[in-house]
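Hi,

Here is the structure I promised to pass on. Have a look at it first, and then read my notes underneath.

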Amino acid sequence: MSDVLPDMGVFRKQKGVSVGEKILVVDDSMFMRGVLRSILEENGHTVIGEAENGMEAIQKYVELKPDLVTMDITMPDMTGLEAVKAIRQIDGNARIIMCSAMGQNAMVMEAMKNGALDFIIKPFKASTVMESIRRCEIFKKIEND
C-alpha cells in the first residue's frame, strides 16, 4: 500500500494512530519547537504553524484552524494556561495538548480544567507524543458520536 500525502486529506494508519493531523506547535523555545516538529513530521503529521507565546498562538489558531495544538505552559507575554482558555472560548472543540516540565503538576491540572485534553512532559519522547495524539483522536471520535 502506498503512502498518501497527508495534505490530500486521506489518512493512513501507523501503529494505531491516524496520521495527517495539521498541528500548531506553541513553545517559546525554538529548540523545543524544532524537536516537536521533527517528531510530528517523522510520524506523518503536518506542522502548519509555530508560535512563541500565547498571544501568537491565538492569532495563528484563528488564522490556520489546526486539527490539534501542542501548547507549552510557561511562556512570556501570555502563558499557555491563558491561551488555552482563550482558544477554547473561540472554539469549544479545540484539541490542545499541554507540554510541561517536571514539577508543573498544578499548572497541568489547571490547563486540563481549562480545556486541554492531554499533556506531555519534557523532554519529549516520540512514543509519548504519538500516544497523546492518539488519546486526543479518541476524544474527537467520542465528541462526534
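I'll start with a lysine. Leaving aside neighbours within four places in sequence, Lys 122 is in contact with Asp 27, Met 32, Asp 72, Cys 99, Ser 100 and Met 102. One of these partners, Asp 72, also shares a polar contact with Lys 122, side chain to side chain, at 3.0 Å. You'll find Lys 122 in the loop between β7 and α5. So is this lysine buried or exposed? Lys 122 has a relative accessible area of 17%, and since the cut-off for buried is under 20%, Lys 122 counts as buried.

Before going further, please keep in mind that this is a predicted model, so everything here is computed from predicted coordinates.

Now the overall layout. The protein chain has five helices and seven strands, and from the N terminus on they come in the order β-β-β-α-β-α-β-α-β-α-β-α. There are 145 residues in the protein chain, and 44% of them count as buried. The exposed area of the protein chain is about 7,800 Å², with carbon and sulfur atoms supplying 56% of it. If you take the contacts between residues at least 6 apart in sequence, 62% of them join residues at least 24 apart.

Next, the sheet. Five strands make an open sheet, in the order β4-β3-β5-β6-β7, and the pairing is parallel. At the edges sit β4 (46–51) and β7 (118–121), each of which pairs on one side only. On average, neighbouring strands of this sheet are turned by 20° against each other, direction ignored.

Two helices to look at against that sheet:

- Helix α2 (residues 54–64) lies across β3 (22–26), β4 and β5 (68–72), and runs at about 145° to β4.
- Helix α3 (residues 80–90) lies across β5 and β6, and runs at about 175° to β6.

The β7 edge is worth zooming in on. Strand β6 (residues 96–100) pairs with β7 in the parallel sense, over four bridges. Across that pairing, Ile 97 stands opposite Asp 118 in β7, and Met 98 stands opposite Phe 119 in β7. In a regular strand the side chains alternate between the two faces of the sheet. In β7, Asp 118 and Ile 120 make up the covered face, while Phe 119 and Ile 121 make up the uncovered one.

Then there are the charged pairs. How many salt bridges does the structure hold? The count is eleven salt bridges, and here are some to click on.

Start with Arg 95 and Glu 21, which form a salt bridge with their closest N and O atoms 2.8 Å apart. Arg 95 is in the loop between α3 and β6, and Glu 21 is in the loop between β2 (17–18) and β3, so this pair ties together parts that are 74 residues apart in sequence. Both Arg 95 and Glu 21 are buried.

The pair Lys 113 and Glu 110 sits within one helix. Their salt bridge has its closest N and O atoms 4.0 Å apart. Both residues lie in helix α4 (residues 105–113), three residues apart, which is about one turn of the helix. Lys 113 is exposed, at a relative accessible area of 66%, whereas Glu 110 is partly exposed, at 33%.

Helix α5 has a pair too. Glu 131 and Arg 135 form a salt bridge, and the closest N and O atoms there are 3.5 Å apart. The two are four residues apart in helix α5 (residues 126–144), so about one helical turn separates Glu 131 from Arg 135. Glu 131 counts as partly exposed, at 30% relative accessibility, and Arg 135 is also partly exposed, with a relative accessible area of 30%. Elsewhere in the list, Arg 33, Arg 37, Glu 41 and Glu 50 are joined into one network by salt bridges that share partners.

If you only have a few minutes, I'd open the view on Lys 122 and its polar contact with Asp 72, and then go to the buried pair of Arg 95 and Glu 21.

Cheers

Terms used:
Residues are numbered from 1 along each chain as its sequence is written. This is a predicted model: local features need pLDDT of at least 70, side-chain atom pairs count only at pLDDT 80 or more; totals for chains, interfaces and linings use all residues. Side-chain values use heavy atoms; hydrogens and water are left out. Two strands pair if DSSP finds at least two bridges between them. Axes are lines fitted to C-alpha atoms, for helices over the stretch in contact, and angles run from 0 to 180 degrees between N-to-C directions. Contact means heavy atoms within 4.5 Å. Buried means under 20% relative accessible area, exposed over 50%, partly exposed in between (1.4 Å probe, protein chains only). Accessible areas come from the Shrake-Rupley method with a 1.4 Å probe; for residues, only the protein chains shown count as cover. A salt bridge is a side-chain nitrogen of Lys or Arg within 4 Å of a carboxyl oxygen of Asp or Glu. A polar contact is a pair of N or O atoms within 3.5 Å; within protein, one must be able to donate a hydrogen and the other to accept it, and residues adjacent in sequence count only if both atoms are side-chain atoms.
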